[in-house]
Amino acid sequence: MTQEELDLERTKHGCQMFVELSKAQIEFSAKALQGLFILNGGAATAVIATKTPQYSGLILLFALGALAAALGMGAGYFANGFIGDTWRAYIEDVDNWKAYHKDKEYKGKIWKGISVSLAVASALLFAIALVVFCCIHTH
């Protein structure tokens with residue numbers, strides 16, 4: 001094989017690895033956010049079922065946790081869309097691809113950061129609600 005053929009094979013392999021890793025990351029983040037949504041939503045439902053007035057604050061915390069997870073899923077969708085646009089543009093050989101890529105990649109990173117922040121907020125709201133529940137329940 002010539003050096004050019006080796007370079008082409010290396011590039012193809014790198015692209016395939018990027019695609020596989022991207023798919024895995026998207027799937028993992030979606031499942032994590034779905035889990036947080038179900039965890040918070042299920043907890044809110046369980047608290048509502050008790051019909052205990054002193055738990056009304058807990059319902060709000062769990063509901064906000066579920067909302068944060070749902071919004072995180074939406075932010076993840078936008079992040080993947082912007083990052084995917086950069087590679088679509090590269091494949092379609094869009095003029096001035098580097099500037100286009102930089103802009104879309106930057107927006108994708110912002111949405112990714114928002115998605116991760118909302119996931120962390122969802123988990124924290126769940127944890128706070130559990131601590132509050134334990135404090136209320138032990139007194």
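Tyr 77, Phe 78 and Trp 111 make up one aromatic cluster. The model that shows this cluster is predicted. Within the cluster, Phe 78 and Trp 111 form an aromatic pair. A pair of aromatic rings is described by the distance of the centres and the angle of the planes. Here the ring centres lie 4.9 Å apart, and the planes meet at 40°, so the pair counts as tilted. Phe 78 belongs to helix α2 and Trp 111 to helix α3. The pair therefore links distant parts of the chain, 33 residues apart.

Are these two residues buried, partly exposed or exposed? Phe 78 has a relative accessible area of 42%. Buried residues fall under 20% and exposed ones over 50%, so Phe 78 is partly exposed. Trp 111 has a relative accessibility of 29% and is likewise partly exposed, because this value lies between the two cut-offs.

In total, the structure holds 4 aromatic pairs. Another of them joins Phe 62 and Phe 126. This pair is also tilted, with 5.6 Å from centre to centre and 50° between the planes. Phe 62 sits in helix α2, and Phe 126 sits in helix α3. The two are 64 residues apart, and their pairing links distant parts of the chain. Both Phe 62 and Phe 126 are buried.

Phe 62 and Phe 126 also belong to the largest nonpolar core, which has 10 residues. The other members are Ala 43, Ala 44, Val 47, Tyr 55, Leu 58, Leu 61, Leu 125 and Ala 129. Three elements give two or more residues each to this core: α1 (3–50), α2 (56–91) and α3 (97–138). In soluble globular proteins, nonpolar side chains tend to be buried together.

Tyr 55 is one of the core residues. Which residues does Tyr 55 contact, leaving aside neighbours within four places in sequence? The contacts are Val 47, Thr 50, Phe 133, Ile 136 and His 137. Val 47 is itself a core member.

Helix α1 has 48 residues. At 1.5 Å a residue, α1 should span 70 Å. The end C-alpha atoms of α1 are 70 Å apart, so the expected and modelled spans agree. The buried residues in α1 include Leu 33, Leu 36 and Asn 40. Ala 43, Ala 44 and Val 47 are buried in α1 as well. Lys 51 follows α1 and has a positive phi, near 55°.

Ala 75 lies in helix α2. Its relative accessibility is 2%, and buried means under 20%, so Ala 75 counts as buried. Beyond residues up to four places away in sequence, Ala 75 touches Trp 111, Ile 114 and Ser 115. Trp 111 thus appears again, here as a contact of Ala 75. Ala 75 and Gly 108 are 33 residues apart in sequence, yet their C-alpha atoms are 9.4 Å apart in space.

Ser 115 is found in helix α3. With a relative accessible area of 9%, under the 20% cut-off, Ser 115 is buried. Ser 115 touches Leu 33, Gly 72, Ala 75 and Gly 76, not counting residues up to four places away in sequence. Among these contacts, Leu 33 is a buried residue of α1.

The protein chain averages a pLDDT of 85, and 93% of the residues score at least 70. Confidence is lowest in α1, at a mean of 84. Confidence is highest in α3, at 88. Where pLDDT is low, the predicted coordinates should not be read in detail.

How values were computed: Residues numbered from 1 in each chain as written. Predicted model: local features only at pLDDT ≥ 70, side-chain atom pairs only at ≥ 80, totals over all residues. Heavy atoms only, no water. Core = buried A, V, L, I, M, F, W, Y, C linked by side-chain atoms within 4.5 Å. Buried < 20%, exposed > 50% of the residue type's maximum accessible area, 1.4 Å probe, protein only. Helix = DSSP H or I, 4+ residues; strand = E, 2+ residues; numbered from the N terminus. Contact = heavy atoms within 4.5 Å. Phe/Tyr/Trp six-rings, centres within 6.5 Å; stacked < 30°, edge-to-face > 60°. Expected span 1.5 Å × (residues − 1). pLDDT = per-residue confidence, 0-100.
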